[in-house]
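Student: I should like to go through a multichain model by question and answer, with reasons given for each result.
Tutor: Certainly; please place the structure before us.

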Amino acid sequence: MMIDLAVWLILLPLIWASLAFMAGPGRGARLAIPALGLQLLLVLLLAGTVSESGAIGLAVGGWGAPLGIDLAADGLSVAMLLLTQVIALPLAIYARSYFQVKAPEGRYFWPLCGFLLAGLNGLYLSADLFNLYVTLELVGLAAVALVAADGGSRQLVAALRYLFATLLGSGSYLLAVALIYAAYGTVSMATLAPVITAEAPFVVWLAGGLMLVGLMIKTALFPFHFWLPPAHGGASAPVSALLSALVVKASFYLLLRLWLGPFAGLTASAGLLGWLPATLGALAIFWGSCQAIRAQRIKMLIAYSTVAQLGYLFLIFPLLTSEAALRAGIMQAFAHGLAKAAMFMAAGVLIKATGQDRVDSLAGAAQQLPLTMFAFGLAGVTLTGLPPSAGFLAKWLLIEAAIGQGAWSIAVVVLVGGLLAAGYVFRVLRQGFLLVPAIAADAPSFHPVPRTLEWMALLLAAASALLGLRGVELMELVALGGAA
Amino acid sequence: MTSGLLFACVGAGLFVMGGSGVLLLKHLLRRILAFNLMGSGAFLVLVGMAQRHGIADPVTQAMVLTGIVVAVAATALALALVRHLYRLSGKLELPEAADDD
Amino acid sequence: MKRLVVIPAALFFVLVLILALVDLAPPAFDLRPLVAENLASSGVAHPVTAVLLNYRAYDTLLEIGVLLLALMAILAVSGSPRTTSNTSLSASDPLLAMLGRIAAPVMVVVAVYLLWAGTSRPGGAFQAGAVLAALAVLLHLTGLLAGWQQPGVRLRWGLAGGFLLFLSVGALLLLVEGELLRYPPAHAGVLILLIESGLTLSLGLILAGLFLFLSHDQGGPR
């Protein structure tokens with residue numbers, strides 16, 4: 001009975017998105033915000049159910065796999081669902097005041113955002129490879145549309161690059177699904193998990209490789225990150241927050257789910273395979289951080305930081321034989337999601353207030369917008385991995401898991417990555433705390449900004465910084481795994 | 001080699017051609033066509049392999065129908081983006097350098 | 001330079017893939033008997049329609065969502081409403097216009113037939129919707145129908161109505177039957193026909209919109 005809750009997590013956003021579209025351009029916020037509140041409530045109830053009675057499954061239409069489509073909610077999916085709704089609600093409140101009533105770029109924000117969230121929730125709940133393809137496309141197309149919405153040619157170019165990358169990724173995934181169906185005659189994860197073993201036909205290995213590459217492209221893992229910075233850096237602030245905090249996590253989750261679920265037989269027999277994503281992840285940390293340190297525009301800085309932070313997620317793959325690595329990965333997903341949403345939201349406030357987006361033009365921001373600079377700083381604390389933030393906990397768990405398995409190189413990468421992150425975070429803070437004489441002729445002028453914007457950024461930043469204290473509950477939830 | 005298997009092998013070829021096209025072609029319309037070729041290749045592998053022993057499989061046919069609709073949606077979005085880009089900048093190619101910083 | 005890497009890699013991959021495909025043993029599971037066994041309780045007589053609208057109806061629901069999403073995306077991308085909104089129809093060839101007028105009623109009949117036939121033969125909402133959309137495009141090209149601008153209330157309801165109907169039936173079944181899209185076998189046929197009829201109209205509008213909204217954005221039909 002309780003799985004109904006999960007189904008409503010998919011239906012509700014689709015319903016409010018359609019109604020928002022019917023209501024007309026720019027409308028829908030008043031419907032979306034209560035609905036998102038309801039979704040958050042549902043996911044909390046779902047988390048309660050799963051932590052009491054373990055993973056749950058549901059056969060849509062009552063047919064059941066392999067004929068029908070199965071949904072499943074275990075600790076991992078519930079954790080991702082929780083992350084999605086926790087970020088979506090404050091983000092929606094932020095977006096409502098960010099897009100003024102007749103702002104052209106916000107005309108279709110609500111319907112597109114609803115479809116995006118439905119796609120994400122559907123992806124986290126699905127246990128069917130082909131259904132996952134459809135949800136992947138739903139997420140990808142909605143994200144591209146949000147990037148392009150009413151933008152100039154720079155934004156369109158970014159959106160097109162993003163579109164081709166995401167289509168290439170989902171195309172590879174689709175061919176892999178076709179190969180799996182050819183080999184086994186089913187696309188249900190639960191049915192596939194026991195039959196895919198190390199002796200699987202070569203086609204299955206090819207399918208696994210295609211999925212790995214396709215999803216790495218969609219997650220913008222180095223060297224496939226080329227599309228991410230212009231797309232995330234060029235969109236409007238609420239969209240950037242949505243994309244950086246949530247959308248890239250979806251393809252990472254799917255990769256993790258496949259790695260541990262249906263393809264566990266293959267990945268266990270090829271032990272060195274995990275070092276491929278981990279090596280690329282380490283390169284992403286260095287490359288992304290260096291680019292972030294050099295970036296001139298503040299949103300590009302944050303976008304490159306996303307490239308770097310995504311790298312940490314992939315460091316866990318060689319260590320997945322222990323539960324601790326999985327926990328570290330999910331904690332990092334939470335830390336980065338919350339902090340990055342807060343950071344983009346704070347950047348949105350700064351850009352609105354100063355009218356420009358260069359890092360150099362931030363002088364005086366700490367005096368004029370103390371709340372926003374504080375939010376940025378707190379989010380930065382999480383990204384750098386200082387205690388007691390969620391980022392600290394994630395890195396701690398990761399280093400512990402790495403040392404436990406003798407993978408010293410990973411521990412070193414994590415430590416160096418933290419220092420690099422401090423480099424770009426403090427570049428912004430230093431500029432923001434520069435004092436500007438109030439009477440100077442060229443003192444930057446600050447436009448007034450709605451307080452809601454500042455408070456929402458601060459809320460998420462505080463959540464990211466304080467989650468480290470309440471991480472145990474989350475970790476217990478993730479540990480209830482293994483339904484796939 | 002049965003006809004189903006032949007279709008699947010041609011599909012594999014089309015997929016790879018389309019994929020290379022998406023990576024290599026400069027003109028945006030040709031890239032969109034290449035993406036469609038790639039999708040069609042994957043669909044052919046899906047239906048072809050399922051009927052390699054002679055009898056058609058309704059499940060794969062339904063999946064391909066779903067996939068075609070998704071491909072139509074993606075193509076429409078891509079065309080809208082390209083058209084709008086052409087209107088704004090007069091170009092049908094993406095600039096070489098990713099971004100200025 | 002990129003060419004030197006991509007082309008050999010592509011050739012190598014396709015060769016390996018084809019060799020692997022040719023070698024492949026028959027699959028462990030076969031869904032065809034399952035599809036056939038449950039056909040009686042699925043509400044339709046055609047196996048592909050049964051998969052699309054009953055066994056894997058959830059995929060279909062999301063797929064229509066993707067299509068509606070693409071339409072919204074086009075509206076969001078193609079910029080603010082133009083101020084020069086008076087669309088003058090280009091005076092077209094009278095012969096073309098006449099043929100268009102003759103084709104229109106026939107195509108409507110074909111669409112209705114396809115919708116009805118979908119329960120037992122190839123056909124259904126998508127095919128019927130596609131014919132309706134083709135009709136709209138045809139009328140547009142012959143100069144009888146103007147390109148569409150930002151949609152008004154009625155058009156928006158038409159575009160999203162079919163999807164919302166499908167969603168509501170799904171949600172209602174979730175409340176009544178306890179499971180998403182579980183059709184009670186006795187009413188499966190009627191419910192599927194209801195959904196299909198709503199979808200035909202909306203899909204026709206959406207598919208036509210994918211063309212007509214784009215066609216408008218350079219000021220009138222071409």
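The exchange below treats each chain in turn, then the nonpolar cores and some local backbone features.

Student: Which secondary structure elements, and how many, does chain A contain?
Tutor: The model is a predicted one. The elements of chain A are helices and strands. The count is 20 helices and 2 strands.

Student: Which radius of gyration does chain A have, and what would a compact globule have?
Tutor: The C-alpha atoms of chain A fill a box of roughly 75 × 55 × 45 Å along the principal axes. For 484 residues, a compact globule would have a radius of gyration near 23 Å. The value for chain A agrees with this, at 21 Å.

Student: What percentage of the residues in chain A is buried?
Tutor: A residue counts as buried when its relative accessible area is under 20%. The accessible surface of chain A is about 14200 Å², and carbon and sulfur atoms hold 67% of it. Of the 484 residues in chain A, the buried share is 70%.

Student: How many helices and strands are in chain B, and what radius of gyration does chain B have?
Tutor: Chain B has 3 helices and 0 strands, and its elements run α-α-α from the N terminus. Its C-alpha atoms occupy a box of roughly 55 × 20 × 20 Å along the principal axes. A compact globule of 101 residues would have a radius of gyration near 13 Å, but that of chain B is 17 Å.

Student: How far apart do the centres of the positive and negative side chains of chain B lie?
Tutor: Chain B exposes about 4100 Å², with 68% of it supplied by carbon and sulfur atoms. It carries 7 positive and 6 negative side chains. The centres of these two sets are separated by 11 Å.

Student: Why is chain C described as more spread out than a compact globule?
Tutor: Chain C comprises 8 helices and 0 strands. The globule rule gives 17 Å for 222 residues, and chain C is well over this, so it is more spread out than a compact globule. Its C-alpha atoms fill a box of roughly 60 × 60 × 35 Å along the principal axes. The radius of gyration behind this description is 22 Å.

Student: Among contacts in chain C between residues at least 6 apart in sequence, what percentage joins residues at least 24 apart?
Tutor: Of the 222 residues of chain C, 52% count as buried. A contact here requires heavy atoms within 4.5 Å. Among the contacts of chain C between residues at least 6 apart in sequence, the share that joins residues at least 24 apart is 73%.

Student: Which helix gives the most residues to the largest nonpolar core?
Tutor: The largest nonpolar core has 326 residues, and those with the most contacts inside it are A:Leu129, A:Tyr173, B:Leu81, C:Tyr58 and C:Tyr183. The greatest contribution to this core, 22 residues, comes from chain A, helix α6 (residues 153-184).

Student: How many residues has the other core that lies apart from it?
Tutor: This other core includes C:Ala104, C:Ala111, C:Leu135 and C:Leu139. Its number of residues is 9.

Student: With which residues is A:Val60 in contact, leaving aside neighbours within four places in sequence?
Tutor: A:Val60 is found in strand β1 (residues 56-60) of chain A. Its relative accessible area is 3%, so it is buried. Its contacts beyond those neighbours are A:Ile69, A:Leu71, C:Tyr58, C:Leu180 and C:Leu181.

Student: What is the phi of A:Ala220, and is the residue buried or exposed?
Tutor: Most residues other than glycine have a negative phi. A:Ala220 lies in the loop between α8 and α9 of chain A. At 1% relative accessibility, this alanine counts as buried. Although it is not a glycine, A:Ala220 has a positive phi of about 60°.

Student: Where is the peptide bond cis, with omega near 0°, in the loop between α8 (202-218) and α9 (228-234) of chain A?
Tutor: Most peptide bonds are trans. A:Pro223 is found in that loop. The cis bond runs from A:Phe222 to A:Pro223.

Student: Which residues does the cis peptide bond with omega of about 0° before A:Pro388 join?
Tutor: A:Pro388 lies in the loop between α16 (370-384) and α17 (390-404) of chain A. The residues joined by this cis bond are A:Pro387 and A:Pro388.

Conventions: Residues numbered from 1 in each chain as written. Chains lettered and ligands numbered in written order. Predicted model: local features only at pLDDT ≥ 70, side-chain atom pairs only at ≥ 80, totals over all residues. Heavy atoms only, no water. Core = buried A, V, L, I, M, F, W, Y, C linked by side-chain atoms within 4.5 Å. Buried < 20%, exposed > 50% of the residue type's maximum accessible area, 1.4 Å probe, protein only. Helix = DSSP H or I, 4+ residues; strand = E, 2+ residues; numbered from the N terminus. Rg over C-alpha atoms; globule rule 2.2 N^0.38 Å. Areas by Shrake-Rupley, 256 points an atom, 1.4 Å probe, with all protein chains shown as cover. Lys, Arg positive; Asp, Glu negative; His and termini not counted. Charge placed at Lys NZ, Arg CZ, Asp CG, Glu CD.
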